[in-house]
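Hi,

Here is the structure I said I would pass on. Have a look at it first, and my notes follow underneath.

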Amino acid sequence: MQISMWVPYDEGRLRRTIKIVLRPQMRLIRVLGAILVVMGLLLALAGGSFELNLLAVVLGVVCLTVIGPITVSRAVSMQSAVIKDGFHMTLSDEWLTIVYPLAESRYRWAGVDKVIDTPEAWYLMCGKVQAFTIPKDTMTQEQRAQFAAFLAGHAERQAGRAFL
């Protein structure tokens, strides 16, 4: 496999990637928020302090609704200006290579732990906090099919290693 493409900067794509990376942490924060809301309401029914009940409910609602978007916005704003010029991506049988105008990165496929396939992109997860986005709209239909077949083979190879 040898796929080469130019990927323009897309803040929406970056936001979606960050949301996918943060999904497990945000899920925990939402569960904690729901627990706080329920605790506040139960304490109110039990006749607890109004201020404490209100504080629990407000903190719970904040955890449920505000922390996720704020975290994503902060993560986007903290990205290096280097990425805003777009990048050239090369996918080969051994490497994922990303070349920005001022930086370059290469990753072996063996370092990819998980692949999340969505209608607009593949998200390659390397560990729990790093992801690479392979956008589908920058590829031809033939390249998408070729890459999907490569990923299926990669998943089989990774599963085989787990049993060794």
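**Salt bridges and what surrounds them**

Arg13 counts as buried, at 10% relative accessibility. Before I go on, keep in mind that this is a predicted model.

So what does Arg13 pair with? Its side chain meets that of Asp137 in a salt bridge, at 3.6 Å from N to O. Arg13 sits in helix 1 and Asp137 in the loop between strand 7 (131-135) and helix 4, so the pair ties together parts that are 124 residues apart in sequence. The two ends of the bridge are covered quite unlike each other: Arg13 is buried at 10%, whereas Asp137 is exposed, with a relative accessible area of 59%. The bridge also belongs to a network of salt bridges that links Asp10, Arg13 and Asp137.

How many salt bridges does the structure hold? The count is six, and I'd like to walk you through two others.

One of them joins Arg16 and Glu120, with the closest N and O atoms 3.8 Å apart. Here Arg16 is in helix 1 and Glu120 in the loop between strand 5 (114-117) and strand 6 (121-125), so the bridge ties together parts that are 104 residues apart in sequence. Both residues are partly exposed: Arg16 has a relative accessible area of 33%, and Glu120 has 34%.

The other is between the side chains of Asp117 and Lys136, at 2.5 Å from N to O. This pair links distant parts of the chain as well, with Asp117 in strand 5 and Lys136 in the loop between strand 7 and helix 4, 19 residues apart. Is each partner buried or exposed? Asp117 is exposed, with a relative accessible area of 51%, while Lys136 counts as buried at 13%.

**Thr17 and Gln143**

Back on helix 1 (residues 11-45), have a look at Thr17. Thr17 counts as buried, at 9% relative accessibility. Which side chain does the Thr17 side chain make a polar contact with? That would be Thr133, at 2.5 Å. If you leave aside neighbours within four places in sequence, Thr17 is in contact with Tyr123, Ala131 and Thr133.

Gln143 is worth a click too. Gln143 lies in helix 4 (residues 141-162) and counts as buried at 19% relative accessibility, because the cut-off for buried is under 20%. A polar atom of the Gln143 side chain lies 2.9 Å from the backbone nitrogen of Thr140. Again leaving aside neighbours within four places in sequence, Gln143 is in contact with Ile3, Ser4 and Thr138.

**A nonpolar patch on the surface**

Next, the outside of the model. Phe50, Leu54, Val58, Val62, Val66 and Ile70 form a nonpolar patch on the surface, and together they have about 510 Å² of accessible area. Which element gives the most to the nonpolar patch? Helix 2 (residues 50-65) does, with four residues. Val58 is found in helix 2, and at 43% relative accessibility Val58 counts as partly exposed.

**Helix 3 and the cysteines**

Two last things. Ala75 lies in helix 3 (residues 67-77) and is buried, with a relative accessible area of 17%. If you want a distance to check in your viewer, the C-alpha atoms of Ala75 and Leu14 are separated by 9.5 Å, and these residues are 61 apart along the chain.

Then the cysteines. Cys63 is buried, with a relative accessible area of 17%, and Cys126 is buried too, with 16%. How many disulfides are there? As a reminder, a disulfide is a covalent bond between the sulfur atoms of two cysteines. The cut-off used here is a pair of cysteine sulfur atoms within 2.5 Å, and by this rule the count comes to zero disulfides.

If you open just one spot, I'd go for the Asp10, Arg13 and Asp137 network of salt bridges.

Cheers

Conventions
Residues are numbered from 1 along each chain as its sequence is written. This is a predicted model: local features need pLDDT of at least 70, side-chain atom pairs count only at pLDDT 80 or more; totals for chains, interfaces and linings use all residues. Side-chain values use heavy atoms; hydrogens and water are left out. Buried means under 20% relative accessible area, exposed over 50%, partly exposed in between (1.4 Å probe, protein chains only). Helices (H or I, at least four residues) and strands (E, at least two) are DSSP runs, numbered from the N terminus. A polar contact is a pair of N or O atoms within 3.5 Å; within protein, one must be able to donate a hydrogen and the other to accept it, and residues adjacent in sequence count only if both atoms are side-chain atoms. Contact means heavy atoms within 4.5 Å. Patches are made of residues with over 30% relative accessible area and no salt bridge: like charges are joined within 9 Å, nonpolar side chains (Val, Leu, Ile, Met, Phe, Trp, Tyr) within 5 Å. Accessible areas come from the Shrake-Rupley method with a 1.4 Å probe; for residues, only the protein chains shown count as cover. A salt bridge is a side-chain nitrogen of Lys or Arg within 4 Å of a carboxyl oxygen of Asp or Glu.
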